[in-house]
Amino acid sequence: MDGTKQEQGGARGVSVVKHSYTIPCSSAFRDSIEALAARRHVNVGDIARSVLLVMPPSAIQGFPDPGDPEAGDRETVILKSGPSQGRPWRRKPRLQVRMVPGYDPVAIRRALGLALTLDRGDMTLKLEDPNAAPPPPEPEIKPEPKPEPMAAAPDHQALAAVNEELERLQAIVNVLAFDPLPGGVNSRAEALHVLGFPPTARPDRRMVRARFRMLATIHHPDSNYGSHDRMSQLNQAMEFLKE
């Protein structure tokens, strides 16, 4: 049972009230804590108190709780008092920890778990002097300025290809840019000539219309190569070939 007892201690004989905490835990956890206390020549309360004094509460709260024993985990003790004195009794494994009142038993169990972790070397503890001057700030490392992007060099090969295509189109336009007939279109042969067909050609209506649309795009007065005379004779040629 938990209990509170007043103990005499200290150089001046100051009375210290201590409380006996019952900490349920697994048998393995109990044995590990008792073995650690024996190696350190201290009691279990000293171990728990050391961790609770040194570690911040947030670290203890964040440490996984070792937890209660499982259902089949029991220890056998001999009752020392009462009507059943001397009889064996199976109960949950536990640790009796004597400390000053006011602690949460779960926090004590977590603190003992932290002590085992520190003892195994799975965690290290770094103590700092609260009165020590803070370390100097690390020098600020400024990123190097990025170089200005260089203007892309002209692609001479692409420019040459564009110029070549323009020259080819200019040559096609020059070929298609027929000289207007002085007297206009007065025969089928002249109509074929204006549309770029040989004099003996027999183009069907679809071919004639396609050729007219292509030449009209070039020779329309609103285009860059437009000519009123050529456009007029294109219309005359279409009238002849419709018949």
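I count a residue as buried when its relative accessible area is under 20%. By that cut-off, buried residues make up 28% of the 243 residues in the protein chain. The model I am reading is predicted.

**Confidence**

I looked up the confidence before anything else. The protein chain has a mean pLDDT of 81, and 81% of its residues reach 70 or more. Among the elements, helix α1 (residues 27-40) has the highest mean, 94, and strand β1 (residues 3-9) the lowest, 59. Where pLDDT is low, the predicted coordinates should not be read in detail. I therefore leave the fine geometry of β1, with its mean of 59, alone.

**Layout**

I listed the elements next and found eight helices and five strands in the protein chain. Their order from the N terminus is β-β-α-α-α-β-β-β-α-α-α-α-α. I then checked the contacts between residues at least 6 apart in sequence: 60% of them join residues at least 24 apart.

**Main core**

Which residues have the most contacts inside the largest nonpolar core? I noted F29, I33, L95, V97, M99, I108 and L112, in a core of 24 residues. At least two residues of this core come from each of β2 (14-24), α1, α2 (44-54), β5 (94-99) and α4. The largest share, six residues, is supplied by α4.

I followed F29 further. Leaving out residues up to four places away in sequence, F29 touches P66, L95, R109, L112, G113 and L116. A second core is separate from the main one; it has 17 residues, including L192, V194, A216 and L241.

**Helix α4**

Given its share of the core, I went through α4 by itself. The helix covers residues 105-120, 16 residues in total, and reaches 23 Å from its first C-alpha to its last. That is close to the 22 Å expected at 1.5 Å a residue. Which residues of α4 are buried? I found A107, I108, R109, R110, A111, L112, G113, L114, A115, L116 and T117. Both R109 and R110 are on that buried list, and R109 is also one of the residues that F29 touches. Just after the helix, G121 takes a positive phi of about 85 degrees.

**Rings**

I searched for aromatic pairs and the structure holds zero. I did find a charge over a ring: the charged end of R211 sits over the ring of F197, 4.4 Å from the ring centre.

Technical notes: Residues are numbered from 1 along each chain as its sequence is written. This is a predicted model: local features need pLDDT of at least 70, side-chain atom pairs count only at pLDDT 80 or more; totals for chains, interfaces and linings use all residues. Side-chain values use heavy atoms; hydrogens and water are left out. Helices (H or I, at least four residues) and strands (E, at least two) are DSSP runs, numbered from the N terminus. The expected span of a helix is 1.5 Å times one less than its number of residues. Buried means under 20% relative accessible area, exposed over 50%, partly exposed in between (1.4 Å probe, protein chains only). pLDDT is the predictor's confidence in each residue, from 0 to 100. A nonpolar core is a set of buried Ala, Val, Leu, Ile, Met, Phe, Trp, Tyr and Cys residues joined through side-chain atoms within 4.5 Å. Contact means heavy atoms within 4.5 Å. Rings of Phe, Tyr and Trp (its six-membered ring) pair if their centres lie within 6.5 Å; planes under 30 degrees apart count as stacked, over 60 as edge-to-face and the rest as tilted. A charge sits over a ring if NZ of Lys or CZ of Arg is within 6 Å of the ring centre and within 35 degrees of the ring normal.
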